[in-house]
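Good morning, and thank you for making time for this presentation. I would like to take you through one structure, beginning with its open space and then turning to individual residues.

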Amino acid sequence: MDSQDLLSHWLSERGFEVIMRWMVGLFCLAVCLCAAVPASSQEIRDGAALLAAMHERYKDSWYESVVFKENAVTLNPDGTSKTEVWDEALELPGKLRINRGPSSEGNGFVFVDGTLTTFQNGKTTGPRPYVHMLLVLGFDVYRQIPKTTIDQAKGQGFDLAQIHEEKWDGEDVYVVGAAKGDSKSKQFWIEKKRLLFVRLIEPDEHDPPRIHDTRFRDYRKLSTGWISARVEFYTDGKNTFNEDYFDIKANAKFDPTLFDPTKFNETSISNDAKQ
């Protein structure tokens, strides 16, 4: 083989090596770019994947508990309104205590692990089975394993196979449980950017043609996690009730008896919740 042939052979080998290195480099770049794309945009194809993505986003940073007061405003059909100050305490997942007005009056609710106990003037009705989907989708989803949330949503009749995108308050949202244009089926809406719950639409349990529409608004960043400081309730498109939160404190410490329905009249959120 003469010198020219040797040179051609060497260039051919070097060219092949350069091409191979270039291809390997492109492959590595593609892998890195795929890894950089948020998992939610790659994997969210149904409601189950969305609930799992919500948990994954905040599982290490969401608060374990929160306590706050609220102005609870009832909007009457005659145009008048009534405002009460309520106390609420949540311990995640699954526990919510509400005192309607002063604790001494004995009015409120205790939600514990899928049951509801109601109190009126210190007297109780319940407990009865009740899955509070506002609690599940707005709070518990971030502090419990995805399978639990998925099972709760399915158990409440949400079709997790149905998912599409909409615009809501200027943001892209996922809508789970209904096809595009369907505003009557059971469905929940999740903001795409922050993976926060923003809307729940449900037919009335006893009167299905009536549609209840609950909206989480005014999200505020806490020391850990987020909270919607305003909740609006609509029935057949008419605003009937609002909650405006204040004195919000994340990761409060509670006496365990605070969520014990048998101790409702002996405990109060203001006395038994510590920062």
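What follows is a short tour of this model, which is a predicted one.

Let me begin with the empty space. Rolling a probe the size of a water molecule over the atoms shows where empty space is left. The largest pocket found in this model has a volume of about 1,400 Å³. A total of 42 residues line this largest pocket, and those closest to its centre are Tyr130, His132, Leu134, Glu202 and Phe233. How does the lining divide into nonpolar, polar and charged residues? The lining of the largest pocket has 23 nonpolar residues, 9 polar ones and 10 charged ones.

I now turn to the aromatic rings. A pair of aromatic rings is described by the distance of the centres and the angle of the planes. Across the whole structure, the search finds 15 aromatic pairs. One of them is formed by Tyr58 and Tyr142: the arrangement is edge-to-face, with 5.2 Å centre to centre and 90 degrees between the planes. Where in the chain do these two residues lie? Tyr58 belongs to helix 3, residues 47–58, while Tyr142 is in the loop between helix 4 (133–138) and helix 5 (146–155), so the pair ties together parts that are 84 residues apart in sequence. Are Tyr58 and Tyr142 buried or exposed? Both of them are buried. The pair also belongs to a cluster, in which ring pairs link Tyr58, Trp62, Tyr63 and Tyr142.

Rings also meet charged side chains in this model. Please look next at Arg199, found in strand 10, which covers residues 196–203. Arg199 has a relative accessibility of 11%, and because the cut-off for a buried residue is under 20%, this arginine counts as buried. Which contacts does the side chain of Arg199 make? Arg199 lies over the face of Trp189, at 4.6 Å from the ring centre. In addition, a polar contact of 2.6 Å joins the side chains of Arg199 and Asp213.

A second arginine is placed over a ring as well. Arg215 lies over the face of Tyr234, at 3.9 Å from the centre of that ring. Tyr234 is part of strand 12, which runs over residues 226–235. With a relative accessible area of 13%, Tyr234 is buried. Tyr234 and Ile211 are 23 residues apart in sequence, and their C-alpha atoms are 8.2 Å apart in space.

Two further buried residues deserve a place in this account. The first one I have chosen is Gln187, located in strand 9, residues 187–191. Gln187 counts as buried at 1% relative accessibility. What does its side chain reach? The side chain of Gln187 reaches the backbone oxygen of Ser185 at 2.9 Å.

My other choice is Glu243, in strand 13, which spans residues 238–250. Glu243 has 8% relative accessibility and counts as buried. In sequence, Glu243 and Val231 are 12 residues apart; in space, the C-alpha to C-alpha distance between them is 5.1 Å.

Let us now move to the backbone itself, beginning with cis peptide bonds. One cis bond joins Leu92 and Pro93, with omega at about -5 degrees. Pro93 is situated in the loop between strand 2 (81–91) and strand 3 (95–100). Another cis bond runs from Gly126 to Pro127, and here omega is near 0 degrees. Pro127 lies in a strand, namely strand 6, residues 123–129.

Finally, I would draw your attention to two values of phi. Asp247, a residue other than glycine, has a positive phi near 50 degrees. This aspartate is found in strand 13, and Asp247 is partly exposed, with a relative accessible area of 46%. Asn251, again not a glycine, has a positive phi of about 55 degrees. Where does Asn251 lie? Its place is the loop between strand 13 and strand 14, the latter being residues 253–254. At 27% relative accessibility, Asn251 counts as partly exposed.

To close, I would return you to the two arginines on the display: Arg199 over the face of Trp189, and Arg215 over the face of Tyr234. Thank you for your attention.

Key. Residues numbered from 1 in each chain as written. Predicted model: local features only at pLDDT ≥ 70, side-chain atom pairs only at ≥ 80, totals over all residues. Heavy atoms only, no water. 1 Å grid on protein atoms, 1.4 Å probe; cavity = no way out; pocket = protein on both sides within 12 Å on 5 of 7 lines; lining within 4 Å. Points joined across faces, edges and corners; volume = space filled by probe spheres on them. Nonpolar A, V, L, I, M, F, W, Y, C, P; charged D, E, K, R; others polar. Phe/Tyr/Trp six-rings, centres within 6.5 Å; stacked < 30°, edge-to-face > 60°. Helix = DSSP H or I, 4+ residues; strand = E, 2+ residues; numbered from the N terminus. Buried < 20%, exposed > 50% of the residue type's maximum accessible area, 1.4 Å probe, protein only. Lys NZ or Arg CZ within 6 Å of the ring centre and 35° of its normal. Polar contact = N/O pair within 3.5 Å; in protein donor to acceptor, adjacent residues only side chain to side chain.
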